[in-house]
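User: I am new to this structure and would like a guided look at it. Could you show it to me?

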Amino acid sequence: QSNKKYFFDEPAFDLHDGGYVPLIVNNAPEMPLNIPPILKADRESKNDIYYTVTAKSGKSQILPGEKTQAWGYNANFLGKTIIFHRGQKNHITLKNDLPELTTFHWHGADVSGPYVDGGCHAPVYPGEIKHINFTLNQPAATLWLHAHPCPSTAEQVWQGLATMVIVQDEHESQLSIPRNYGVDDIPIILQDRHFHKDNQFDYRADYDPDGVAGPTAVINGTVNPYFDVTTQKIRLRFLNGANRREWRLHFSDDLPFDQIAGDCSLLPKPIKLTGLMLSCAERAEVIIDFSQYHEGDEVTLYTDQVPLLKFRIHNFAKDTTKIPDHLINLKKPSVEPSLPIRHVVMQGMDESVAIDDKKFAMERIDAEQIVGEYQYWDVTNSNEKPGMVHPFHIHGTRFLVLTRNGKDPYPNENGFKDTIGVNPGETVRILVKFDLPGIYMYHCHILEHEDGGMMAQIEIVDPKKPHQKYQLMDMNTL
Ligand code: C2O
Ligand code: CU
């Protein structure tokens, strides 16, 4: 059975929006998919691990001819994959070797804002070194690290400041699912770029207030990638790392696959799909079973009708393990009935984007919630159809999706998430709790909408403790 509906409201596809840039297959030769190396720890003991993450610039051979000048984390473009273990104390040295201020935002990590979390209030200036510590107490998941200075998040991510972060825990490591990094457990960072003269990026030339897009798909930094399959099953960790592009993924032969995880956790049970839609910043872990294929066959991953990645099938040993039909226990906690519902409206397009009639201001706190308390948030996209989907993201928490316009969310949204695509004219109800006091941003993850002001911030307070004063940046810092 073919499900090209991607569990998604078809008329809302961003193809209809003015700034849309269609993908075109580049004529560069096929290249092996770049598998970002795992970042080596500086040192490690049972309870502690030390990493140095350096934002730097460098040149990469992305296309034949001139190398492309780009930015990355411990790499010339994008970055190395960072692995955290639940419960272990992470000590991270942040280094900025770039010519401008940046921040290091741990997207999806349950860490305190506004400093450790690396949003706009946590600048690391050129040449500066900072140290942060945090311990993750959250389930195994695929997260990411990206730059988040206000208002140049979009440009810095476009330059390459984005990399995958994997959280591992004891529960996930017991399940019979692929986890051999680079062999059968593969990061897939989905992005698009426009290569200008001499293969260079030119963000300003490509600028569109509704999001910058380019005609060339770039997967883990590779154009026209292929991957050599040597195992029957493969786990792909999809991350939509694009500034504005949505991906509507499917395979040749309508090959079905199982989604096992969303943004911030495994799903309660695997969901069989033949199509998967990812809005900006969303993640999905899927398992593909190539048992029907033989050495020499090829399976292609597409977005719409555009090929993204070819899987070249080699000989593999027969694998009879079954994906467990139960992956994680998630209970829906109850909400104090007297608690009002928080309404958040993402509105406007182009330069007029805002949240609740206000553009983002770094010094202004827009909302307050009590630490440890569950609250319903009703998040609305007030655009009319056909308009853009706004991917709504909250820092420092993971939430459950309860309803879309009063109806059940899509079956593959039943895990913890930190980003949810809200369709035009839709209200999505989510259940939100913060475990750590602090200040957290929430915004549309179309990065140009975020930089354009479709962003706000909430203070999480602990009524049992004296009120804490945070040092906030202002809008004139850059
Ligand atoms: Cu992925 Cu506020 O960010
Ligand atoms: Cu938006």
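What follows is a conversation about a metal site and the empty spaces in this structure.

Analyst: Please note at the outset that this is a predicted model.

User: Let us begin with the metal. Which residues are the protein donors of the copper ion (ligand 2)?

Analyst: The protein donors are His-390 through ND1, Cys-444 through SG and His-449 through ND1, and they lie 2.0 to 2.1 Å from the copper ion.

User: What spacing do the donors follow along the chain?

Analyst: The donors of this copper ion follow the pattern H-x53-C-x4-H. His-390 belongs to strand 27 (residues 390-394) and His-449 to helix 4 (residues 447-451), so this pair, 59 residues apart, links distant parts of the chain.

User: Is His-390 buried or exposed?

Analyst: His-390 is buried, because its relative accessible area is 0% and buried means under 20%. His-449 likewise counts as buried, at 0% relative accessibility.

User: Now to the empty spaces. How many cavities of 30 Å³ or more are there in the whole structure?

Analyst: A search finds five of them. The second largest cavity has a volume of about 80 Å³. This cavity is lined by 14 residues, and those closest to its centre are Val-25, Asn-26, Ala-217, Asn-224 and Pro-307.

User: Which strands supply at least two residues each to that lining?

Analyst: Strand 13 (216-219) and strand 22 (306-313) do so. By class, the lining of the second largest cavity has eleven nonpolar and three polar residues, with no charged ones. Domain 1 (18-173) and domain 2 (177-313) each contribute at least three residues to it.

User: And the pockets? What is the volume of the largest pocket?

Analyst: Its volume is about 380 Å³. The largest pocket has 20 lining residues, with Leu-330, Tyr-374, Arg-398, Phe-416 and Lys-433 nearest its centre. Ten of the lining residues are nonpolar, four are polar and six are charged. At least three come from each of domain 1 (18-173) and domain 3 (342-461).

User: Where does the second largest pocket lie?

Analyst: The second largest pocket lies between domain 1 (18-173) and domain 2 (177-313), because both give residues to its lining. About 300 Å³ of space lies in this pocket. Of its 19 lining residues, Asn-34, Ser-60, Phe-77, Asn-220 and Gly-221 are the closest to its centre. Strand 1 (31-32) and strand 5 (78-79) are the elements that give two or more residues to this lining.

User: How do the residues of that lining divide by class?

Analyst: The lining of the second largest pocket has nine nonpolar, nine polar and one charged.

Definitions and conventions. Residues are numbered from 1 along each chain as its sequence is written. Chains are lettered from A and ligands numbered from 1 in the order in which they are written. This is a predicted model: local features need pLDDT of at least 70, side-chain atom pairs count only at pLDDT 80 or more; totals for chains, interfaces and linings use all residues. Side-chain values use heavy atoms; hydrogens and water are left out. Donors are N, O and S atoms within 2.8 Å of the metal (3.2 Å for Na, K and Ca); water is not among the atoms, so sites may look incomplete. Helices (H or I, at least four residues) and strands (E, at least two) are DSSP runs, numbered from the N terminus. Buried means under 20% relative accessible area, exposed over 50%, partly exposed in between (1.4 Å probe, protein chains only). On a 1 Å grid over the protein atoms alone, a cavity is a set of points where a 1.4 Å probe fits but cannot get out, and a pocket is an open set with protein on both sides within 12 Å along at least five of seven lines; lining residues have an atom within 4 Å of a point. Grid points are joined across faces, edges and corners, and a volume is the space filled by probe spheres set on the points. Ala, Val, Leu, Ile, Met, Phe, Trp, Tyr, Cys and Pro count as nonpolar, Asp, Glu, Lys and Arg as charged, and the others, Gly among them, as polar. Domain bounds come from an automatic or database domain assignment.
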